[in-house]
Amino acid sequence: MAASAFGSIDFYIEVLGLNRSQFGPFFDVLLRLMFRDSHARVYGLQRDGRLASVCVVVFPGFPSPIPALRFLTTLAWAVGPMRFARYLRFVRAYERAMRGASVDGRSEVRAYWLFVDPQVANTRCGSDLARCVMADLESHGWRLVTAFVDAANPRLLALYRRLGFAVSDPFPFLGRQGVRIMCRLPRPSPVS
């Protein structure tokens, strides 16, 4: 689903340094890492008996060292040395772009990926799942959700704004324009 949701967006292919045929295998390897790492959580929403949307969040400490090593080894093998070096360049640029987004990294969920099956786009699957995820994160004490997205995708930016995210001014990112998105979660009310 991630590959079909993002596969038509040239931004991610360009900044990750992958070609279209490598994009699906990249997300397959990445999602396997997230399913296996205790510092990530994968949520899903079904409609009519099929997976309609997926949201992935990562917590401080992601990725854990051993799963990260497996991920990087598998990725390097899958995409080759030149594209792997470009991927590492993306990771460094991403870390620089996200620096300073949070005052307290211990309560920050960084990286918030929302995938919607293109066949069910415009059915509120993405926003419904995102609201459930935000409520779950809030109930577990997380206070801030940050991510990085393509500045040239007005539909995506509008979605995140509707969900309560603040959107930064665009900034250069590996030859394109990116933005940081950030949502402060309210503290849950005490139970009486």
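# Exercises on a Predicted Chain

**Exercise 1. Two residues with positive phi**

Asp-48 has a relative accessible area of 81% and is exposed; locate Asp-48 and Leu-174, and classify Leu-174 as buried or exposed.

*Solution.*
Step 1. The model is a predicted one, in which local features need pLDDT of at least 70, side-chain atom pairs count only at pLDDT 80 or more, and totals for chains, interfaces and linings use all residues. Residues are numbered from 1 along each chain as its sequence is written, and side-chain values use heavy atoms, with hydrogens and water left out.

Step 2. The classes rest on relative accessible area, computed with a 1.4 Å probe on protein chains only: buried means under 20%, exposed over 50%, and partly exposed in between.

Step 3. Asp-48 sits in the loop between β1 (40-47) and β2. Helices (H or I, at least four residues) and strands (E, at least two) are DSSP runs, numbered from the N terminus. The phi of Asp-48 is near 55 degrees, which is positive although the residue is not glycine.

Step 4. Leu-174 lies in the loop between β6 (171-173) and β7 (176-184), and its phi, near 45 degrees, is likewise a positive value in a residue other than glycine. Because its relative accessible area is 17%, Leu-174 is buried.

Step 5. Most residues other than glycine have a negative phi, and most peptide bonds are trans. In this chain, the peptide bond from Phe-62 to Pro-63 is cis, with omega near -10 degrees. Pro-63 belongs to the loop between β2 (50-58) and α4.

**Exercise 2. The chain as a whole**

State how many helices and strands the chain has, and give their order.

*Solution.*
Step 1. There are seven helices and seven strands.

Step 2. Along the sequence, they follow the pattern α-α-α-β-β-α-α-β-α-β-α-β-β-β.

Step 3. Of the 192 residues in the chain, 48% are buried.

Step 4. Contact means heavy atoms within 4.5 Å. Among contacts between residues at least 6 apart in sequence, 67% join residues at least 24 apart.

**Exercise 3. Helix α3 against helix α4**

Classify the packing of α3 and α4, and name the residues that form their contact.

*Solution.*
Step 1. Two packed helices are described by the angle between their axes and the distance between the axes. Axes are lines fitted to C-alpha atoms, for helices over the stretch in contact, and angles run from 0 to 180 degrees between N-to-C directions.

Step 2. The axes of α3 and α4 cross at roughly 170 degrees and come within 10 Å. Helix α3 is therefore roughly antiparallel to α4. The angle classes are roughly parallel under 35 degrees, roughly antiparallel over 145, roughly perpendicular from 65 to 115, and oblique for the rest.

Step 3. Helix α3 contributes Gln-22, Phe-26, Val-29, Leu-30 and Leu-33, while α4 contributes Pro-67, Ala-68, Phe-71, Thr-74, Leu-75, Ala-78 and Val-79.

Step 4. By class, this contact has 10 nonpolar, two polar and no charged residues. Ala, Val, Leu, Ile, Met, Phe, Trp, Tyr, Cys and Pro count as nonpolar, Asp, Glu, Lys and Arg as charged, and the others, Gly among them, as polar.

Step 5. Phe-26 and Ala-78 are 52 residues apart along the chain, yet their C-alpha atoms are separated by 7.8 Å. Similarly, Arg-32 and Pro-67 are 35 residues apart in sequence and 9.5 Å apart in space, C-alpha to C-alpha.

**Exercise 4. Helix α4 against helix α5**

Determine how α4 packs on α5 and which classes of residue take part.

*Solution.*
Step 1. Helix α4 (residues 65-79) and helix α5 (residues 81-98) pack at about 135 degrees, with axes 7 Å apart. Helix α4 is therefore oblique to α5.

Step 2. Phe-71, Leu-72, Leu-75, Ala-76 and Val-79 of α4 meet Arg-83, Phe-84, Tyr-87 and Leu-88 of α5. The contact has eight nonpolar, no polar and one charged residues.

**Exercise 5. The core and the cysteines**

Describe the largest nonpolar core, and report the number of disulfides.

*Solution.*
Step 1. A nonpolar core is a set of buried Ala, Val, Leu, Ile, Met, Phe, Trp, Tyr and Cys residues joined through side-chain atoms within 4.5 Å. The largest has 66 residues, and those with the most contacts inside it include Phe-26 and Tyr-112. Helix α3 (residues 20-36) gives the most to this core, with eight residues.

Step 2. Phe-26, in helix α3, counts as buried at 4% relative accessibility. Leaving aside residues up to four places away in sequence, Phe-26 touches Leu-16, Leu-18, Phe-71, Leu-75 and Tyr-87.

Step 3. Cys-55 counts as buried at 0% relative accessibility, and Cys-125 counts as buried at 1%. A search of the whole structure finds zero disulfides, a disulfide being a pair of cysteine sulfur atoms within 2.5 Å.
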